[in-house]
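Let's take a walk through a protein model together, from the overall fold down to a few side chains. Keep the viewer open so that you can turn to each residue as it comes up.

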Amino acid sequence: KLFEWKLDSVRKERESVIVMIENIVKQIFDKTSTSNTLQELSKAVIVPVGIKQYGSQASFLAVDSSDVDLAVTGLKIGGDKGSQLREMRRLFTELFSLKP
């Protein structure tokens, strides 16, 4: 029972951090995603800006030492590696500024 309690506790803690990260992602990237023209939006499949979990946390197989795998969804970077790196640096800078 202690092991199950510990895993549940860790999972709840991780989930609260994931929500916080998703809120930050939306604050940063929703502004840029709304700058698309109506013509661009009508051609694209609209995926909301947010995060998607994958890996052991998403499949409920995580243990207390597992990492949390997250992907940012809904960015309009068009496959450009430079744009992707710039946007991820923005996210890193914002998250790093919150570090105590």
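The paragraphs below go from the whole chain to its salt bridges and then to an aromatic pair. Please keep in mind throughout that this is a predicted model.

Start with the overall layout. The protein chain contains three helices and two strands. If you trace the chain from its N terminus, these elements come in the order α-α-β-β-α. How much of the chain is buried? Of its 100 residues, 21% count as buried. The surface that the protein chain exposes comes to about 7600 Å², and carbon and sulfur atoms supply 59% of that area. Contacts tell you how the chain folds back on itself: among those with a separation of 6 or more, 60% are between residues 24 or more positions apart.

Now zoom in on arginine 11, which you will find in helix 1, the element spanning residues 2-33. Is arginine 11 buried or exposed? Its relative accessibility is 16%, and because buried means under 20%, arginine 11 counts as buried. Leaving aside residues up to four places away in sequence, arginine 11 touches Gln57 and Phe60.

Arginine 11 also brings us to the charged pairs. How many salt bridges does the structure hold? There are three salt bridges, and we can visit them in turn. In one of them, the side chain of arginine 11 meets that of glutamate 15, with 3.1 Å from N to O. Where do these partners sit relative to each other? They are four residues apart in helix 1, so about one helical turn separates them. Their surroundings can be set side by side as well: arginine 11 is buried at 16% relative accessibility, whereas glutamate 15 is partly exposed, with a relative accessible area of 33%.

Another salt bridge links the side chains of arginine 86 and aspartate 80, at 3.9 Å from N to O. A salt bridge here needs a side-chain nitrogen within 4 Å of a carboxyl oxygen, so this 3.9 Å pair is counted. Arginine 86 is partly exposed at 48% relative accessibility. Aspartate 80 is also partly exposed, with a relative accessible area of 38%.

For the remaining pair, move to helix 3, which covers residues 81-97. Here glutamate 87 forms a salt bridge with arginine 90, and their closest N and O atoms are 2.6 Å apart. Glutamate 87 and arginine 90 are three residues apart in helix 3, about one turn of the helix. Which of the two is buried, and which is partly exposed? Glutamate 87 is buried, with a relative accessible area of 18%, while arginine 90 is partly exposed at 34%.

Stay in helix 3 for the last stop, where the rings take over from the charges. The structure has one aromatic pair. It is formed by phenylalanine 92 and phenylalanine 96, whose ring centres are 5.6 Å apart, with 20 degrees between the planes. Why does this pair count as stacked? Planes under 30 degrees apart count as stacked, so the 20 degrees found here puts the pair in that class. Phenylalanine 92 and phenylalanine 96 both belong to helix 3 and are four residues apart, about one turn of the helix. Phenylalanine 92 has a relative accessibility of 55%, and because exposed means over 50%, this residue counts as exposed.

Conventions. Residues are numbered from 1 along each chain as its sequence is written. This is a predicted model: local features need pLDDT of at least 70, side-chain atom pairs count only at pLDDT 80 or more; totals for chains, interfaces and linings use all residues. Side-chain values use heavy atoms; hydrogens and water are left out. Buried means under 20% relative accessible area, exposed over 50%, partly exposed in between (1.4 Å probe, protein chains only). Contact means heavy atoms within 4.5 Å. Accessible areas come from the Shrake-Rupley method with a 1.4 Å probe; for residues, only the protein chains shown count as cover. Rings of Phe, Tyr and Trp (its six-membered ring) pair if their centres lie within 6.5 Å; planes under 30 degrees apart count as stacked, over 60 as edge-to-face and the rest as tilted.
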